[in-house]
Amino acid sequence: MITDVNPFVYSRPLAPDDIIDRDEETHRLLAAAVGGHYVRLYAPRKYGKTSLLGRVLRDGERQEGMIPVLVDLYGVLSIADVAIRFERAYARQLKGRTRARIEEFLQSTGLGLSLGALGIGARLQLEPRADPLPALHTLLDLPLRLEEGGSFRALIVLDEFQDITKVKDMDALLRSHIQFQGEVASFVFAGSEPGLMRELFEDRERPLYGQAVPMRLERLGDADIAAYVAERFRSTGRSAGEAVNPLLAAAQGHPQRTMLLAHRLWELVPPGATATLSHWASAHAGALGELQPEFDANWRRLSTNEQKALRAVVAGDGSPYRRPVLEQLDAPKSSIRAALSQLLARALVEQRGEEYVLVDPLFAEWVRGLRGTGDATS
Ligand SMILES: Nc1ncnc2c1ncn2[C@@H]1O[C@H](COP(=O)(O)OP(=O)(O)OP(=O)(O)O)[C@@H](O)[C@H]1O
Ligand SMILES: [Mg+2]
């Protein structure tokens, strides 16, 4: 049996007890939920939204007696998709008497809804022409039914919320239900595309305008990361040694990149040994190698002006509008500005005060390296 297991997970949401810090964020989200306030949580990809929400749902259930429901809306394209996601979320998460009561109710609607293995998805497969809308209405009203059982508040997290923009009028439909649920349910809308999230909640013409308090998830603090990395090396019979500082510098507080680098470093350090700078150099190079295809694909998806804007941010050390930088890239300031606003809306770039930075510090290194390889404009 393998017992010497790498303690750094970078490819899936973390279990609540494995996450670094986020105490304050957990507390704020819980306080809002208990108070019946809706929150929209925004962060770039891989900043730990789902991991944090998992912890909030766990604590909400344990400490506040709330009924936790996590609905993942990643990739939904239709009303049917949304209905299936909501139904499966309840199917996974309702327990005990509440579950039995809700199941009985769902069966009684005759809409094909069920918390069992064969729910609305199966019905829609057998009868592709069936209208999924009544089923979705029923599911969106479930918080009112949950409450009938014993007045627990439901905590409903809609993850990857920006994807509802792919389903016509979904925000209006959602609003028509949740606006009557303030007493029985609290909602968290989590998303990674700041442009789309803003459009959904900050455009006066949109149904969800002003419906949720914004909250941004930030990078992790170096001190928190250092303590975590050192402790996990120690508890697995190793020492992180002098590799910790270069790791912090390379990861820049980016949660997933931090864990990826720590994972790679740990792999190279034998049991009982201490990490050296040479271990670090190999781990770092290995991580960049692993990411090469991803970076290449991301790069090719960008317009030429966006590519130039990224190069300008990197070459200008955060100040993309410096004249020598613009001249070298043969790019007028106006086109860089327009491209940057696109990149900000998609959270590839973020602003820190006056400066711009690439969200992903390893992608920034890769972009910097393009200069030497000469295929920057390919
Ligand atoms: N608080 C944290 N402490 C340690 N690692 C973290 C933390 N948050 C995120 N991570 C790292 O980032 C990875 C991705 O986390 P998670 O899936 O929660 O992010 P996400 O923002 O939901 O990502 P996505 O945009 O893909 O939905 C985790 O596997 C973990 O390595
Ligand atoms: Mg996620």
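## The enclosed cavity

Searching the whole structure, which is a predicted model, turns up one cavity of 30 Å³ or more. Its volume comes to about 40 Å³. The residues around this largest cavity are Phe86, Tyr90, Leu140, Pro143, Ile156, Leu174, Ile178, Gln181 and Phe187. Two elements give two or more residues each to that lining: α3 (79-93) and α8 (170-178).

What classes of residue make up the lining of this cavity? Eight are nonpolar and one is polar, with no charged residues in the set.

## Three domains

Let's step back to the overall layout. The protein splits into domain 1 (22-216), domain 2 (222-297) and domain 3 (302-373).

How do domain 2 and domain 3 meet? Their centres, taken over C-alpha atoms, sit 27 Å apart. On the domain 2 side, 13 residues are in contact with eight residues of domain 3. Between them the two domains bury about 910 Å², and 64% of that area is on carbon and sulfur atoms.

## The largest pocket

Now for the open sites. The largest pocket has a volume of about 780 Å³. It is lined by 25 residues, and the ones closest to its centre are Arg45, Asn298, Arg301, Arg346 and Leu348. Helix α13 (residues 277-301) supplies the largest share of the lining, namely three residues.

If you're curious about the chemistry of this pocket, the lining breaks down into eight nonpolar, six polar and eleven charged residues. Arg45, Arg301 and Arg346 are among the residues closest to the centre.

## The second largest pocket

The second largest pocket comes in at about 580 Å³. Here 26 residues form the lining, with Arg12, Pro13, Lys46, Gly48 and Ser51 closest to the centre. Elements giving two or more residues to this lining are α2 (49-64), β2 (67-72) and α12 (255-268). Which of them gives the most? That's α2, with four residues.

In terms of domains, this pocket draws at least three lining residues from each of domain 1 (22-216) and domain 2 (222-297). By class, the second largest pocket is lined by 13 nonpolar, five polar and eight charged residues.

## A hairpin late in the chain

Over in the region of domain 3 (302-373), strand β6 (residues 349-352) and strand β7 (residues 355-358) run antiparallel and are joined by four bridges. Val349 has Leu358 of β7 as its bridge partner.

The turn is worth a look too. Two residues lie between the strands of this hairpin, and Gly353 takes a positive phi near 60 degrees.

## Asp317 and its contacts

Where does Asp317 sit? You'll find Asp317 in the loop between α14 (304-315) and α15 (323-329). Leaving aside residues up to four places away in sequence, Asp317 touches Glu355 and Arg368.

Glu355 falls in strand β7 (residues 355-358), and this residue is 38 residues from Asp317 in sequence. In space, the C-alpha to C-alpha distance between Asp317 and Glu355 is 8.2 Å. The contact therefore links the loop between α14 and α15 to a strand of the hairpin, with contact meaning heavy atoms within 4.5 Å.

Methods
Residues numbered from 1 in each chain as written. Chains lettered and ligands numbered in written order. Predicted model: local features only at pLDDT ≥ 70, side-chain atom pairs only at ≥ 80, totals over all residues. Heavy atoms only, no water. 1 Å grid on protein atoms, 1.4 Å probe; cavity = no way out; pocket = protein on both sides within 12 Å on 5 of 7 lines; lining within 4 Å. Points joined across faces, edges and corners; volume = space filled by probe spheres on them. Nonpolar A, V, L, I, M, F, W, Y, C, P; charged D, E, K, R; others polar. Pairing = 2+ DSSP bridges. Domains from an automatic or database assignment. Buried area = accessible area lost by both parts, 1.4 Å probe.
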